[in-house]
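Colleague: I'm still getting used to reading these models. Could you take me through one part of this one slowly?

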Amino acid sequence: MDAATQLPTVGMIGAGQLARMTHQAAIALGQSLKVLAGDPAESAAVVTPATTFGDYRSVEDLRGFAKGCTVVTFDHEHVPQEAVQALVAEGVEVQPRPEALIHAQDKQVMRSRLAGLGLPQPRWAPVDSISDVEAFGLPCVLKAATGGYDGKGVWMIDTPADAQAVLASGIRLIAEERMPLQRELAVQIARSPRGETAVYPVVETVQTGGVCTEVIAPAPHLDDATAAEAARIAVAVATELDVCGMLAVELFQTSKGLFVNELAMRAHNSGHWTIEGARTSQFEQHLRAVLDYPLGSTETAAPYTVMANVLGGRAGGPRLDERLQHLLAEDPGAHVHLYGKAVRPGRKIGHVTVCGDDPETLRRRAKRAAKWLQEGE
């Protein structure tokens, strides 16, 4: 038998930029990445030969997609639980398993489980009426229990009228206390079915309008004890929830310590810096983990790495290709990743990464590069 035919095939449900960058990592490993896309224009579909078109909500489409796959994984968490469970019941190897994935899909389930594990998190409660919200206390944060991302499904509530407007939507909600933040952090961990783990350095994330716009790795001025506590939390979540693949644990840093904000069981925006900034990118690591291969080194490749997201900007100005050429001429050390997505205001269309010794200098470079690509000025 030809050796190439013996290589495994990883199936990734979803064809966004995470699948696109996972495809790039798969090439170097000699792997075949198969993606399930809903549209030929999706980020991974335009570059990945092994693309199947279908609806991630359809068990029938998922069943057909999974044929021939060694393992099936995800580039988003929106696949219905019943669909994932149906695949598992039919003998499909799915990682992470639905019993783990539910904690990244449903914030109420996640909060309940983290409470049972004794892990630090904001005070919270399920709410479905204005009296529930008032009993919880204002001001607060209301979050959609399912379906939220990039700031969507999160509402800052100051008055009963604010809460009433959200409650009128009829979606299932939880209330959380507003944390007195010093900053937001994230820690990524990979875990394989055999239980091997690999933890990346803790990073600082900067949010603008609920969307991550910047990541500094490692988080500047983070003391060893806090870094160790973040890693401990990540290991506890990955182990206790039996996560396989990449797990991102988003954290609030406060004067009272660290608190878990959210979980993502896939490659994550807070880990894009690893492509140039770590010995093993999060995308390669996810492939290694779901295939139960030995995990790669999470050692940094530079003292600091800064990643800035490129968001869709206003129409007009130089073409994106012209902007890219000017940027590369001005800053040859900037690493640009464009996702091949249609430009819409506020939409993530790429990211820029720079590596070096001084985080503040790197932040200025990354922000300037992202602003130029976004606005052409």
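Let's stick with strand 2: how many bridges join strand 2 to strand 3? And is strand 2 largely enclosed by the rest of the structure, or not?

Modeller: Sure! Keep in mind that this is a predicted model. To your first point, strand 2 and strand 3 (residues 51-53) are joined by 3 bridges, and the two run parallel. If you want a spot to look at there, find V35, which sits opposite T51 in strand 3.

Now look at the pairing with strand 1, which covers residues 9-13: strand 1 and strand 2 also pair in the parallel sense, this time over 5 bridges. Here G11 is the residue facing K34 in strand 2. How does the chain get from one to the other? It leaves strand 1, passes through helix 1 (residues 17-29) and arrives at strand 2, making a right-handed β-α-β crossover.

As for being enclosed: strand 2 spans residues 32-37, and because 5 of its 6 residues are buried, the strand is largely enclosed by the rest of the structure. Buried here means under 20% relative accessible area.

While we're on buried residues, here's the wider picture. The largest nonpolar core has 42 residues, and L247, V249 and L251 have the most contacts inside it. Helix 8 (residues 224-240) gives the most to that core, with 6 residues. Leaving aside residues up to four places away in sequence, L247 touches several others, among them V187, I189, A234 and L263. There's also a second, separate core of 20 residues, including V10, A44, A45 and L291.

Terms used. Residues are numbered from 1 along each chain as its sequence is written. This is a predicted model: local features need pLDDT of at least 70, side-chain atom pairs count only at pLDDT 80 or more; totals for chains, interfaces and linings use all residues. Side-chain values use heavy atoms; hydrogens and water are left out. Buried means under 20% relative accessible area, exposed over 50%, partly exposed in between (1.4 Å probe, protein chains only). Helices (H or I, at least four residues) and strands (E, at least two) are DSSP runs, numbered from the N terminus. Two strands pair if DSSP finds at least two bridges between them. A crossover is right-handed if, with the strands pointing away from the viewer, the path from the first strand over the helix to the second runs clockwise. A nonpolar core is a set of buried Ala, Val, Leu, Ile, Met, Phe, Trp, Tyr and Cys residues joined through side-chain atoms within 4.5 Å. Contact means heavy atoms within 4.5 Å.
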